[in-house]
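Got the viewer open? Let's take a walk through this one, stop by stop, with something to select at each.

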Amino acid sequence: MKILVLGAGGIGGYFGGRLAQSGSDVTFLVRPRRREQLARDGLVVQSPKGDFTLAVKTVLAEALAPDYDLVLFTCKAYDLDSAMDAIAPAMKRAALIPMLNGIAHLEKLDARFGRDRVMGGTCQINVMLRPDGTVFHADPLQRLIFGEREGAKSERAEAFAAELRRSIIDASLADDIEQEMWEKIVFLCALASATCLFRGNVREIMAAPGGREAMQRALSANVEIATREGHAPRTEPIQRARARLLDPEGTWSASMLRDLEGGGSVEADHIVGWMLERARRHQVDDTILSLAYTHLKTYENRRAAQRL
(Lines give C-alpha, C1' and ligand atoms only; values in the text may rest on other atoms or scores of the structure.)
Protein backbone atom coordinates (compact mmCIF):
# COMPACT_ATOMS: atom_id res chain seq x y z
CA MET A 1 0.00 0.00 0.00
CA LYS A 2 1.39 3.40 -1.04
CA ILE A 3 0.57 6.01 1.59
CA LEU A 4 0.77 9.78 1.13
CA VAL A 5 0.85 11.84 4.33
CA LEU A 6 -0.13 15.48 4.00
CA GLY A 7 2.52 17.35 5.95
CA ALA A 8 5.19 16.29 8.40
CA GLY A 9 4.06 18.34 11.36
CA GLY A 10 2.89 16.97 14.69
CA ILE A 11 0.22 14.46 13.71
CA GLY A 12 1.44 13.68 10.20
CA GLY A 13 5.05 13.48 11.29
CA TYR A 14 4.30 11.20 14.21
CA PHE A 15 1.88 8.72 12.65
CA GLY A 16 3.54 8.81 9.23
CA GLY A 17 6.90 8.39 10.89
CA ARG A 18 5.79 5.38 12.91
CA LEU A 19 4.39 3.78 9.75
CA ALA A 20 7.61 4.44 7.84
CA GLN A 21 9.65 3.15 10.78
CA SER A 22 7.81 -0.18 10.58
CA GLY A 23 8.42 -0.56 6.85
CA SER A 24 5.33 0.97 5.23
CA ASP A 25 5.72 2.79 1.90
CA VAL A 26 5.16 6.36 3.12
CA THR A 27 5.75 9.65 1.31
CA PHE A 28 5.28 13.06 2.97
CA LEU A 29 3.77 15.90 0.95
CA VAL A 30 5.59 18.97 2.28
CA ARG A 31 6.59 22.53 1.47
CA PRO A 32 10.12 23.29 0.20
CA ARG A 33 11.50 24.49 3.55
CA ARG A 34 10.30 21.40 5.42
CA ARG A 35 11.64 19.19 2.62
CA GLU A 36 15.09 20.73 2.97
CA GLN A 37 14.94 20.25 6.75
CA LEU A 38 13.94 16.59 6.43
CA ALA A 39 16.65 15.95 3.83
CA ARG A 40 19.26 17.49 6.11
CA ASP A 41 18.19 16.18 9.53
CA GLY A 42 15.79 13.32 8.83
CA LEU A 43 12.41 13.04 10.51
CA VAL A 44 13.21 13.51 14.20
CA VAL A 45 10.66 12.27 16.74
CA GLN A 46 10.94 12.53 20.52
CA SER A 47 8.42 10.33 22.29
CA PRO A 48 7.89 8.39 25.52
CA LYS A 49 7.18 5.46 23.17
CA GLY A 50 10.74 5.71 21.84
CA ASP A 51 12.76 8.41 20.09
CA PHE A 52 13.87 7.93 16.50
CA THR A 53 15.39 9.71 13.53
CA LEU A 54 14.49 8.42 10.09
CA ALA A 55 15.30 9.23 6.48
CA VAL A 56 11.93 9.66 4.76
CA LYS A 57 10.57 10.14 1.25
CA THR A 58 9.10 13.56 0.45
CA VAL A 59 7.35 15.20 -2.48
CA LEU A 60 6.41 18.77 -3.35
CA ALA A 61 2.90 19.62 -4.53
CA GLU A 62 4.00 20.41 -8.09
CA ALA A 63 5.53 16.93 -8.46
CA LEU A 64 2.63 14.96 -6.98
CA ALA A 65 1.46 12.02 -9.12
CA PRO A 66 -1.77 9.97 -8.93
CA ASP A 67 -0.14 6.75 -7.76
CA TYR A 68 -1.12 6.50 -4.09
CA ASP A 69 -3.60 4.13 -2.47
CA LEU A 70 -4.32 6.19 0.63
CA VAL A 71 -3.92 9.79 1.78
CA LEU A 72 -3.55 10.49 5.50
CA PHE A 73 -4.95 14.01 5.64
CA THR A 74 -3.48 15.87 8.61
CA CYS A 75 -4.09 19.60 8.16
CA LYS A 76 -5.79 22.14 10.42
CA ALA A 77 -9.34 23.19 9.55
CA TYR A 78 -8.26 26.72 8.62
CA ASP A 79 -6.00 25.22 5.93
CA LEU A 80 -8.66 22.85 4.57
CA ASP A 81 -9.20 24.49 1.18
CA SER A 82 -5.51 24.81 0.30
CA ALA A 83 -4.84 21.29 1.62
CA MET A 84 -7.53 19.85 -0.67
CA ASP A 85 -5.94 21.66 -3.60
CA ALA A 86 -2.53 20.25 -2.66
CA ILE A 87 -3.59 16.59 -2.57
CA ALA A 88 -5.97 16.72 -5.55
CA PRO A 89 -3.45 15.26 -8.05
CA ALA A 90 -3.05 12.19 -5.81
CA MET A 91 -6.76 11.46 -5.57
CA LYS A 92 -7.26 9.58 -8.84
CA ARG A 93 -7.56 6.25 -7.06
CA ALA A 94 -6.69 7.04 -3.45
CA ALA A 95 -8.93 6.84 -0.41
CA LEU A 96 -8.63 9.65 2.10
CA ILE A 97 -8.57 9.38 5.90
CA PRO A 98 -8.92 12.79 7.57
CA MET A 99 -7.20 13.37 10.90
CA LEU A 100 -8.71 16.81 11.46
CA ASN A 101 -10.41 17.69 14.71
CA GLY A 102 -14.18 17.79 14.60
CA ILE A 103 -16.70 16.70 11.98
CA ALA A 104 -17.52 19.77 9.90
CA HIS A 105 -14.78 19.05 7.34
CA LEU A 106 -16.49 15.90 6.03
CA GLU A 107 -19.02 17.91 4.03
CA LYS A 108 -16.32 19.82 2.15
CA LEU A 109 -14.22 16.72 1.53
CA ASP A 110 -17.26 14.84 0.19
CA ALA A 111 -18.09 17.70 -2.15
CA ARG A 112 -14.54 17.88 -3.51
CA PHE A 113 -13.61 14.20 -3.82
CA GLY A 114 -16.87 12.23 -3.48
CA ARG A 115 -18.24 10.59 -0.37
CA ASP A 116 -17.08 7.14 -1.50
CA ARG A 117 -13.43 8.32 -1.40
CA VAL A 118 -13.62 9.86 2.07
CA MET A 119 -13.34 7.55 5.06
CA GLY A 120 -13.69 8.66 8.66
CA GLY A 121 -10.84 9.12 11.07
CA THR A 122 -9.75 10.64 14.33
CA CYS A 123 -6.76 10.49 16.62
CA GLN A 124 -5.97 11.02 20.27
CA ILE A 125 -2.44 12.31 20.79
CA ASN A 126 -0.62 15.21 22.44
CA VAL A 127 1.99 16.12 19.83
CA MET A 128 3.50 19.24 18.32
CA LEU A 129 6.13 20.36 15.83
CA ARG A 130 8.88 22.31 17.57
CA PRO A 131 10.60 25.26 15.86
CA ASP A 132 13.70 23.15 15.16
CA GLY A 133 11.61 20.61 13.20
CA THR A 134 11.42 17.97 15.94
CA VAL A 135 8.10 16.17 16.32
CA PHE A 136 7.55 16.20 20.09
CA HIS A 137 5.16 13.58 21.49
CA ALA A 138 4.40 14.62 25.06
CA ASP A 139 2.77 11.58 26.68
CA PRO A 140 2.16 7.89 25.84
CA LEU A 141 -1.32 8.37 24.34
CA GLN A 142 -1.13 7.70 20.55
CA ARG A 143 -4.46 6.36 19.30
CA LEU A 144 -5.50 6.39 15.64
CA ILE A 145 -9.06 5.34 14.85
CA PHE A 146 -10.47 5.06 11.34
CA GLY A 147 -13.12 3.25 9.32
CA GLU A 148 -15.64 3.33 6.54
CA ARG A 149 -18.44 5.76 7.31
CA GLU A 150 -21.02 3.17 6.27
CA GLY A 151 -19.56 0.67 8.75
CA ALA A 152 -18.32 -1.92 6.24
CA LYS A 153 -14.95 -3.64 6.60
CA SER A 154 -13.67 -2.78 3.12
CA GLU A 155 -10.55 -4.09 1.40
CA ARG A 156 -8.87 -0.69 1.64
CA ALA A 157 -9.67 -0.36 5.34
CA GLU A 158 -8.33 -3.85 6.06
CA ALA A 159 -5.18 -3.09 4.07
CA PHE A 160 -4.47 0.05 6.10
CA ALA A 161 -5.25 -1.81 9.32
CA ALA A 162 -2.59 -4.37 8.33
CA GLU A 163 -0.05 -1.58 7.84
CA LEU A 164 -0.88 -0.15 11.24
CA ARG A 165 -0.56 -3.51 12.99
CA ARG A 166 3.10 -3.67 11.96
CA SER A 167 3.75 -0.40 13.80
CA ILE A 168 3.55 0.47 17.49
CA ILE A 169 0.58 2.80 16.90
CA ASP A 170 -2.46 2.05 19.05
CA ALA A 171 -4.83 1.75 16.10
CA SER A 172 -8.41 0.61 15.70
CA LEU A 173 -10.58 -0.12 12.66
CA ALA A 174 -13.93 1.11 13.94
CA ASP A 175 -17.34 -0.38 13.22
CA ASP A 176 -18.91 3.09 13.70
CA ILE A 177 -16.32 5.76 12.95
CA GLU A 178 -18.80 8.64 13.11
CA GLN A 179 -19.62 7.65 16.70
CA GLU A 180 -15.88 7.74 17.44
CA MET A 181 -15.62 11.19 15.86
CA TRP A 182 -18.51 12.47 17.95
CA GLU A 183 -16.92 11.13 21.12
CA LYS A 184 -13.67 12.87 20.18
CA ILE A 185 -15.32 16.25 19.65
CA VAL A 186 -17.22 15.93 22.94
CA PHE A 187 -13.85 15.62 24.71
CA LEU A 188 -11.83 17.98 22.53
CA CYS A 189 -14.36 20.80 22.53
CA ALA A 190 -14.49 20.74 26.34
CA LEU A 191 -10.68 20.77 26.50
CA ALA A 192 -10.32 23.54 23.90
CA SER A 193 -13.11 25.67 25.35
CA ALA A 194 -11.75 25.52 28.89
CA THR A 195 -8.02 25.75 28.20
CA CYS A 196 -8.45 28.66 25.76
CA LEU A 197 -10.99 30.50 27.91
CA PHE A 198 -8.94 30.18 31.09
CA ARG A 199 -5.51 30.28 29.37
CA GLY A 200 -4.11 27.32 31.25
CA ASN A 201 -3.57 23.58 31.16
CA VAL A 202 -5.78 21.07 32.94
CA ARG A 203 -3.74 21.09 36.15
CA GLU A 204 -3.84 24.88 36.34
CA ILE A 205 -7.59 24.94 35.75
CA MET A 206 -8.21 22.25 38.36
CA ALA A 207 -6.23 24.27 40.91
CA ALA A 208 -8.28 27.43 40.26
CA PRO A 209 -11.50 28.25 42.16
CA GLY A 210 -14.42 26.95 40.11
CA GLY A 211 -12.14 25.31 37.56
CA ARG A 212 -13.31 21.74 38.14
CA GLU A 213 -16.97 22.79 38.05
CA ALA A 214 -16.47 24.74 34.80
CA MET A 215 -14.77 21.77 33.12
CA GLN A 216 -17.55 19.42 34.26
CA ARG A 217 -20.14 21.86 32.95
CA ALA A 218 -18.40 22.02 29.56
CA LEU A 219 -18.21 18.23 29.27
CA SER A 220 -21.81 17.69 30.39
CA ALA A 221 -23.11 20.16 27.80
CA ASN A 222 -21.14 18.46 25.01
CA VAL A 223 -22.40 15.02 26.05
CA GLU A 224 -25.96 16.34 25.86
CA ILE A 225 -25.37 17.89 22.41
CA ALA A 226 -24.04 14.60 21.04
CA THR A 227 -26.97 12.74 22.56
CA ARG A 228 -29.49 15.10 20.95
CA GLU A 229 -27.68 14.62 17.62
CA GLY A 230 -28.17 10.85 17.84
CA HIS A 231 -24.66 9.94 18.99
CA ALA A 232 -24.95 9.47 22.74
CA PRO A 233 -21.39 8.87 23.99
CA ARG A 234 -20.63 5.44 25.37
CA THR A 235 -19.65 4.96 29.00
CA GLU A 236 -15.98 4.03 28.54
CA PRO A 237 -14.99 6.95 26.28
CA ILE A 238 -16.68 9.42 28.62
CA GLN A 239 -14.93 7.91 31.63
CA ARG A 240 -11.60 8.36 29.81
CA ALA A 241 -12.51 11.93 28.85
CA ARG A 242 -13.57 12.82 32.38
CA ALA A 243 -10.39 11.36 33.85
CA ARG A 244 -8.21 13.37 31.45
CA LEU A 245 -10.20 16.62 31.76
CA LEU A 246 -10.35 16.53 35.56
CA ASP A 247 -6.84 15.24 36.28
CA PRO A 248 -5.33 17.48 39.02
CA GLU A 249 -1.87 16.68 37.60
CA GLY A 250 -2.82 17.05 33.92
CA THR A 251 -0.16 19.06 32.09
CA TRP A 252 -1.99 18.91 28.76
CA SER A 253 -4.01 21.54 26.95
CA ALA A 254 -5.64 21.78 23.55
CA SER A 255 -3.43 22.53 20.55
CA MET A 256 -5.80 25.45 20.01
CA LEU A 257 -4.38 27.11 23.12
CA ARG A 258 -0.84 26.67 21.77
CA ASP A 259 -1.95 28.23 18.47
CA LEU A 260 -3.63 31.11 20.30
CA GLU A 261 -0.67 31.82 22.58
CA GLY A 262 1.65 31.60 19.59
CA GLY A 263 -0.35 34.21 17.70
CA GLY A 264 -1.52 31.76 15.04
CA SER A 265 -4.82 30.82 13.45
CA VAL A 266 -7.32 28.91 15.58
CA GLU A 267 -10.15 26.48 14.84
CA ALA A 268 -12.76 28.62 16.61
CA ASP A 269 -15.56 28.04 14.11
CA HIS A 270 -14.69 24.45 13.23
CA ILE A 271 -14.77 23.17 16.83
CA VAL A 272 -16.27 25.57 19.37
CA GLY A 273 -18.58 27.48 17.03
CA TRP A 274 -19.85 24.26 15.45
CA MET A 275 -20.78 22.82 18.84
CA LEU A 276 -22.24 26.13 20.02
CA GLU A 277 -24.58 26.20 17.02
CA ARG A 278 -25.88 22.75 17.98
CA ALA A 279 -26.17 23.67 21.66
CA ARG A 280 -28.46 26.54 20.75
CA ARG A 281 -30.39 24.42 18.26
CA HIS A 282 -31.16 21.89 21.00
CA GLN A 283 -31.46 24.45 23.82
CA VAL A 284 -28.56 22.91 25.74
CA ASP A 285 -26.57 24.89 28.33
CA ASP A 286 -24.17 26.94 26.20
CA THR A 287 -22.48 29.00 28.93
CA ILE A 288 -18.91 27.72 28.54
CA LEU A 289 -19.19 27.31 24.77
CA SER A 290 -20.53 30.82 24.34
CA LEU A 291 -17.86 32.46 26.49
CA ALA A 292 -15.08 30.46 24.86
CA TYR A 293 -16.34 31.26 21.36
CA THR A 294 -16.56 34.99 22.12
CA HIS A 295 -13.07 34.86 23.58
CA LEU A 296 -11.66 33.14 20.48
CA LYS A 297 -13.46 35.42 18.01
CA THR A 298 -12.22 38.48 19.92
CA TYR A 299 -8.71 37.12 19.55
CA GLU A 300 -9.28 36.57 15.82
CA ASN A 301 -10.54 40.16 15.42
CA ARG A 302 -7.48 41.58 17.17
CA ARG A 303 -5.14 39.33 15.18
CA ALA A 304 -6.75 40.40 11.90
CA ALA A 305 -6.45 44.09 12.82
CA GLN A 306 -2.77 43.71 13.72
CA ARG A 307 -2.05 42.10 10.35
CA LEU A 308 -3.47 45.02 8.34
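Start by selecting Gln-283 and showing its side chain. This is a predicted model, and in it Gln-283 has a relative accessibility of 73%, so the residue counts as exposed. To get your bearings, colour the two neighbouring helices: Gln-283 sits in the loop that links helix H11 (268-281) to helix H12 (287-306). Now check the backbone. Gln-283 is not a glycine, yet its phi is positive, at about 55°.

Next, jump to Arg-199. Here too you'll find a residue that isn't a glycine but has a positive phi, about 55°. Which helices flank Arg-199? On one side is helix H6 (177-198), on the other helix H7 (202-206), with Arg-199 in the loop between them. Switch on a surface and look at how much of Arg-199 shows: its relative accessible area is 40%, which makes the residue partly exposed.

Now for the cysteines. Select Cys-75 and Cys-123 together and draw a distance between their sulfurs. How far from Cys-75 is the nearest cysteine sulfur? The sulfur in question belongs to Cys-123 and is 12 Å away. Seen from the other end, Cys-123 has its closest cysteine sulfur in Cys-75, and 12 Å is too far for a bond; the cut-off for a disulfide is 2.5 Å. Don't bother hunting for bridges elsewhere, as a search of the whole structure turns up zero disulfides. While both are still selected, check their cover. Cys-75 has 13% relative accessibility and therefore counts as buried. Cys-123, at 4%, counts as buried as well.

Time to zoom out and select the whole protein chain. In cartoon view you should be able to trace 12 helices and 10 strands. The radius of gyration is 19 Å, close to the 19 Å that the globule rule gives for 308 residues, so the chain is as compact as a globular protein of that length. Line the view up with the principal axes and the C-alpha atoms fill a box of roughly 50 × 40 × 40 Å.

Try colouring by burial: 55% of the 308 residues count as buried. Then turn on contacts. Among those between residues at least 6 apart in sequence, 72% join residues at least 24 apart.

Last stop, the surface. The chain exposes about 13,700 Å², and carbon and sulfur atoms supply 48% of that. Colour by charge to finish: there are 41 positive and 41 negative charges, and their mean positions lie 3 Å apart.

Terms used:
Residues are numbered from 1 along each chain as its sequence is written. This is a predicted model: local features need pLDDT of at least 70, side-chain atom pairs count only at pLDDT 80 or more; totals for chains, interfaces and linings use all residues. Side-chain values use heavy atoms; hydrogens and water are left out. Helices (H or I, at least four residues) and strands (E, at least two) are DSSP runs, numbered from the N terminus. The radius of gyration is taken over C-alpha atoms; the globule rule is 2.2 Å times the number of residues to the power 0.38. Buried means under 20% relative accessible area, exposed over 50%, partly exposed in between (1.4 Å probe, protein chains only). Contact means heavy atoms within 4.5 Å. Accessible areas come from the Shrake-Rupley method with a 1.4 Å probe; for residues, only the protein chains shown count as cover. Lys and Arg count as positive and Asp and Glu as negative; His and the chain ends are not counted. The place of a charge is taken as NZ of Lys, CZ of Arg, CG of Asp or CD of Glu.
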